[in-house]
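Thanks for making the time this morning. I would like to walk through one model with you, beginning with its aromatic rings and then moving outward to the strands around them.

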Amino acid sequence: SISLYVGSTSGMELGFKVYQETGKAEHIPIGSILHFTIDLNATYPFDYFRWGHRGNNTTSGLRVSEVELQGSNNGVDFDILETGLAIDISSSVKEYTVNLQQSYSYRYVRFIMTGYLASPSSAVQISEINIGKKEANENR
């Protein structure tokens, strides 16, 4: 899981990205664009993603409500794929599937968080992301 902390404490602007599996913390200056990039290790087609909110945390202020999706095949130059992708932050929703307008094929997929509560000492927490391509006979 990934936790993104933004806000201010004692007049100092802070921002940290913490990776639960490694415990590694990374400083994120306030005003930065909050994002993360997934390396699929090869070019894969995808037409949806499933966003997992952190399990027992039902506070909407800790949930991302909107993202922009970008793709790249070299990890440097990213194409904007879709913007304004809404994610349900209702307390009863543990994971939410976003169907994309078309199928894309990239190695690197970047999620830019464009909707979240940006108040002092707030945090954005994500449990799991799944990226995939639905079969032709599968309901969307």
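Before I count anything, let me fix the term: rings of Phe, Tyr and Trp, with the six-membered ring taken for Trp, pair if their centres lie within 6.5 Å, and planes under 30 degrees apart count as stacked while those over 60 count as edge-to-face. Please keep in mind throughout that this is a predicted model. On that definition, the structure holds six aromatic pairs.

One of these pairs is F36 with F111, which is stacked, at 5.3 Å centre to centre and with 20° between the planes. The pair brings together distant parts of the chain, since F36 sits in strand β4 and F111 in strand β7, 75 residues apart. As for accessibility, F36 is buried at a relative accessible area of 7%, and F111 is buried at 0%. Another pair, F49 with W51, is edge-to-face, at 6.5 Å centre to centre and 65° between the planes; here F49 is buried at 1%, and W51 is buried at 0%. Ring pairs join F36, F49, W51 and F111 into a cluster.

That takes us to the nonpolar core. The largest one has 21 residues, and F49, W51, V67, L69, F111 and M113 are those with the most contacts inside it. Two or more residues come from each of β4 (35–53), β5 (66–72), β6 (79–86), β7 (95–115) and β8 (122–132), and β7 gives the most, with seven residues. If we take L69 as a viewpoint and leave aside its neighbours within four places in sequence, its contacts include F46, F49, I80, L81, L85, L100, V109 and F111, as well as D79, E82 and R110.

How are these strands paired? β4 and β7 are antiparallel over 13 bridges, and in that pairing D39 stands opposite Y108 in β7. β5 also runs antiparallel to β7, with seven bridges joining them, and E68 stands opposite I112 in β7.

Two charged side chains also lie over rings: R110 is over the face of F78, at 3.8 Å from the ring centre, and K134 is over the face of Y48, at 5.2 Å from the ring centre.

Finally, which backbone value deserves a look in the viewer? Most residues other than glycine have a negative phi. N41, which lies in strand β4, has a positive phi near 70°. With 60% relative accessibility, N41 counts as exposed, because the cut-off for that class is over 50%.

Note on methods: Residues are numbered from 1 along each chain as its sequence is written. This is a predicted model: local features need pLDDT of at least 70, side-chain atom pairs count only at pLDDT 80 or more; totals for chains, interfaces and linings use all residues. Side-chain values use heavy atoms; hydrogens and water are left out. A nonpolar core is a set of buried Ala, Val, Leu, Ile, Met, Phe, Trp, Tyr and Cys residues joined through side-chain atoms within 4.5 Å. Buried means under 20% relative accessible area, exposed over 50%, partly exposed in between (1.4 Å probe, protein chains only). Helices (H or I, at least four residues) and strands (E, at least two) are DSSP runs, numbered from the N terminus. Contact means heavy atoms within 4.5 Å. Two strands pair if DSSP finds at least two bridges between them. A charge sits over a ring if NZ of Lys or CZ of Arg is within 6 Å of the ring centre and within 35 degrees of the ring normal.
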